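Let's learn to read a protein structure together. Have a look at the one below before we start.

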Amino acid sequence: MNVEDITEVVQRKIWTVDQLLSQLGEIKEKSGSLSPEERVRIPGFSEDWSEEGVTKYVKEVEKAVEDPIKYKNKVRLEGIGVKTERVSDDILEDTLGIDEILRLLQELEKVNESINEILTTEALLASWLKEGTDNTREKLEAILTAKAAFKRVLESGVHKKLKYELVTRSVMDVTFLSKAEDTIAKFANLRDYQVILEYDGDFEKLYQNLAEVWTKIQQIQQTYGISEGEIKNLIDGKALLDAVELLANMDKEYAEKKRRLLEEWNMYASTLESLGEEVLEPLESPQELRNAIEGLRNRCLEYLGESGLKLLKFLKGEDEFPANIGMEEIKKALESLRPFFIRGIKGGGIDAGS
């Protein structure tokens, strides 16, 4: 750089200093009308003597002097972590609205400081303030109204990452709290079954799997009468996705067992009904069904005998022909089955699947 270039740079710096001094003079003159409280809020110099640093400072002082109310509210909001770059002047001039927002935030901090941290860290307050102080106040009041539910979520034993997700979503929309508490309840229930519960950040997937496993546990218990201990032995120490698969297989296995038991129950029940006997509806659990089947079988034996029962199974296509019975036994069995056939004929035919 030659002498001419250096001279030009120095001259430009002098012009900049003169301009800044002129601005500061005007600002100083205007500051005479400020109250003592407003004067105190004028920012101090940060000792950044770069051109950029001094220029930024002068602009900040100018804002504090020219519009002390707006500057005061800006400082107050920034003091709680709100980035005010996109907050409109209309909002910054609404002192009463900002007073109420700050009061509500103090109330929320008493509930749990994590809520306020989320409001600022996730830029929710800044986003809400774009829509106005009334909108922001309504959202904060809704959170306060639901503070008991927020406390339950915050004090729950779920993973830290999942808890943050649940609280954040609930802060954004308090109606989400019901889903958050449902998640926590299922989390606690499955932890009792020793299922390994991890959270990889995909909440919807986790929620779906938790719901699927818990629903399947209840369904298996209620439909098949399976004990809590038996289910726990199956899924103890298993990951959530593995538990989903294991329970689906258990449900399928017991559904097939129950289907076969119902077929057997239907065979004995339809036989007794054809013989004029009244039969109650089958019970739900497999064990109760087995007991009912045993009772129906004994009643059928009283009417038909062992040979008649074997022959009936053959005629209904449910067993092979009993080769080890003689002609006399067949005749006797058919005589015992005669009421069955008569009722079937009068009823319009014998239904082999009934």
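What follows is a chat about its helices, its contacts and a few single residues.

Q: Before we start, what kind of model is this?
A: This is a predicted model, so to speak: local features need pLDDT of at least 70, side-chain atom pairs count only at pLDDT 80 or more, and totals for chains, interfaces and linings use all residues. Residues are numbered from 1 along each chain as its sequence is written, and side-chain values use heavy atoms, with hydrogens and water left out.

Q: How many helices and strands are in the protein chain?
A: Helices (H or I, at least four residues) and strands (E, at least two) are DSSP runs, numbered from the N terminus. Here you'll find 17 helices and zero strands.

Q: How do I read whether a residue such as D251 is buried or exposed?
A: Look at relative accessible area: buried means under 20%, exposed over 50%, and partly exposed in between (1.4 Å probe, protein chains only). D251, found in helix α15 (residues 240-274), is buried because its value is 11%. In the protein chain, 36% of the 354 residues count as buried.

Q: And which residues does D251 touch?
A: Contact means heavy atoms within 4.5 Å. Skipping residues up to four places away in sequence, D251 touches K216, Q219, I220 and Y224.

Q: What about K179, which residues is it in contact with?
A: Leaving aside neighbours within four places in sequence, K179 meets F203, E204 and Y207. K179 sits in helix α12 (residues 177-192), and its C-alpha atom is 8.9 Å from that of Y207, 28 residues apart along the chain. With 25% relative accessibility, K179 counts as partly exposed.

Q: At what angle do helices α10 and α12 cross?
A: Axes are lines fitted to C-alpha atoms, for helices over the stretch in contact, and angles run from 0 to 180 degrees between N-to-C directions. The axes of α10 (residues 147-154) and α12 come within 10 Å and cross at roughly 35 degrees. On the α10 side the contact is made by A149, F150, R152 and V153; α12 brings L177, A180, E181 and I184.

Q: Why would anyone look at the sign of phi?
A: Because most residues other than glycine have a negative phi, a positive one is worth a look. A123, not a glycine, has a positive phi of about 55 degrees and is found in the loop between α7 (113-121) and α8 (124-129). Q194 has a positive phi too, near 65 degrees, and lies in the loop between α12 and α13 (203-224).
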